[in-house]
Amino acid sequence: MNTREIRCWLTDMDGVLVHEGLALPGAAEFLQRLQEKERPFLVLTNNSIYTARDLRARLLSSGLDVPESSIWTSALATAQFLADQLPGGKAYVIGEAGLTTALHEAGYVLTDTDPDFVVLGETRTYSFEAITKAIRLIEGGARFIATNPDPTGPSAEGPLPACGAVAALISRATGRDPYIVGKPNPMMFRSALNKIDAHSEYTAMIGDRMDTDVVAGMEAGLETFLVLTGSTTREGVQRYPFRPSHIVPSIETLIDLV
């Protein structure tokens, strides 16, 4: 496999490292090799429900050892973005611990009184009352931010409405579209690169989705690897007007590139 020099790695989580709580073949060995070779890396996820500590524990239960500092969520990227835009601001948040903790740690005050931003994240139980409050605050001048564009999320019973679907509801009611921080916004990738002090020219992205991982990696100037253990099939690639740098069966194929 001909690749440019790769010194740093970004990888998606679901569909690349784990599937339904189980580690995928080669994932543990790939992560172990990264740490043995002291390669800077981050595990990226659009999921804003969990803190990095929560996700480390979930990965450990799957048999994958990822340091807390090597996990980068859309919640952390959103908190970083807001801290850069308006340090010490105020936000009305619809979300869970992953998002509220990240914003607290970034120096934000969480309030429903005259917030600078309405921040929509992921939650298992969207409250109509909270959505109504968000709509009224946006109508009153608060700026609208969403952690990610994913319309649905998985559950044992089937798909659940997720951040993108609820953002569409709020947008329809207010006439305002959110600024979305998570994948496929290259902003998520640039904040990840900054976190590990990496340069795009020497960094690769591994993902299982053409519409988020691959397109954002490509736009951020990274070498992209599409694995076929998640959402996108080899045939499905043909539907898109862009291509990953490489298509591989699984992350197991990439161990020797580290």
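# A briefing on helices, strands and cores

Helix α1 is followed by E38, a residue whose phi is positive, near 55°. That is a good place to start exploring, because most residues other than glycine have a negative phi. Keep in mind that you are looking at a predicted model. The points below begin with α1 and move on to strand β14, helix α8, the nonpolar cores, an open sheet and a few backbone details.

**Helix α1**

- Helix α1 covers residues 27-36, and within it A27, F30, L31 and L34 are buried.
- Seen down the axis of α1, these buried residues fall within an arc of 95°, so they line one face of the helix.
- What lies over that buried side? The cover includes the strands β1 (8-12), β4 (41-45) and β13 (203-207).

**Strand β14 and its partners**

- Strand β14 spans residues 223-227 and is mostly covered, with five of its five residues buried.
- In a regular strand, side chains alternate between the two faces of the sheet.
- In β14 you can follow the two directions: E223, F225 and V227 point one way, while T224 and L226 point the other way, and all are buried.
- Strands of a sheet pair through backbone hydrogen bonds, either parallel or antiparallel.
- β13 and β14 run parallel and are joined by four bridges; one place to look is A204, whose bridge partner in β14 is E223.
- β14 also runs parallel to strand β15 (residues 246-248), with three bridges between them. Here F225 stands opposite H246 of β15.
- Try tracing the chain from β13 through helix α8 (residues 210-219) to β14: together they make a right-handed β-α-β unit.

**Helix α8 and the buried D213**

- Seven of the ten residues of α8 are buried, so this helix is largely enclosed by the rest of the structure.
- The buried residues are M210, T212, D213, V214, V215, A216 and G217.
- β1, α7, β13 and β14 are included in what covers them.
- D213 belongs to α8, and with a relative accessible area of 1% it is buried.
- What does the side chain of D213 reach? It makes a polar contact of 2.8 Å with the side chain of K183, and it reaches the backbone nitrogen of R209 at 3.1 Å.
- Leaving aside neighbours within four places in sequence, D213 is in contact with D12, K183, F189, M205, G207 and D208.
- Just after α8, G221 takes a positive phi of about 85°.

**The nonpolar cores**

- In soluble globular proteins, nonpolar side chains tend to be buried together.
- The largest nonpolar core here has 30 residues, and the members touching the most others are L10, L44, L82, L103, V119 and F189.
- Elements that each supply at least two residues of this core are β1, β4, α3 (74-85), β6 (90-94), α4 (97-105), β8 (117-120) and α7 (186-195).
- Which element gives the largest share of this core? That is α3, with five residues.
- F189 is worth selecting in your viewer: not counting residues up to four places away in sequence, F189 touches L10, L44, K183, M205, D213, A216, G217, A220 and L222.
- Apart from the largest core lies another one of 29 residues, among them F41, I49, I251 and L254.

**An open sheet of five strands**

- Five strands form an open sheet in the order β7-β6-β8-β9-β12, with parallel pairing.
- Which strands sit at the edges? They are β7 (109-110) and β12 (179-180), and each pairs on one side only.
- Two bridges join the parallel strands β6 and β7, and in β7 the bridge partner of K90 is V109.

**Backbone details to look for**

- Most peptide bonds are trans.
- The bond from K183 to P184, however, is cis, with omega near 10°. P184 lies in the loop between β12 and α7.
- E20 has a positive phi near 50°. This residue is found in the loop between β2 (18-19) and β3 (22-23).
- Is E20 buried or exposed? E20 is exposed, with a relative accessible area of 73%.
- D197 also has a positive phi, near 55°, and it sits in the loop between α7 and β13.
- At 71% relative accessibility, D197 counts as exposed.

Definitions and conventions:
Residues numbered from 1 in each chain as written. Predicted model: local features only at pLDDT ≥ 70, side-chain atom pairs only at ≥ 80, totals over all residues. Heavy atoms only, no water. Buried < 20%, exposed > 50% of the residue type's maximum accessible area, 1.4 Å probe, protein only. Arc of directions from axis to C-beta. Contact = heavy atoms within 4.5 Å. Pairing = 2+ DSSP bridges. Right-handed = clockwise from strand over helix to strand, strands pointing away. Polar contact = N/O pair within 3.5 Å; in protein donor to acceptor, adjacent residues only side chain to side chain. Core = buried A, V, L, I, M, F, W, Y, C linked by side-chain atoms within 4.5 Å.
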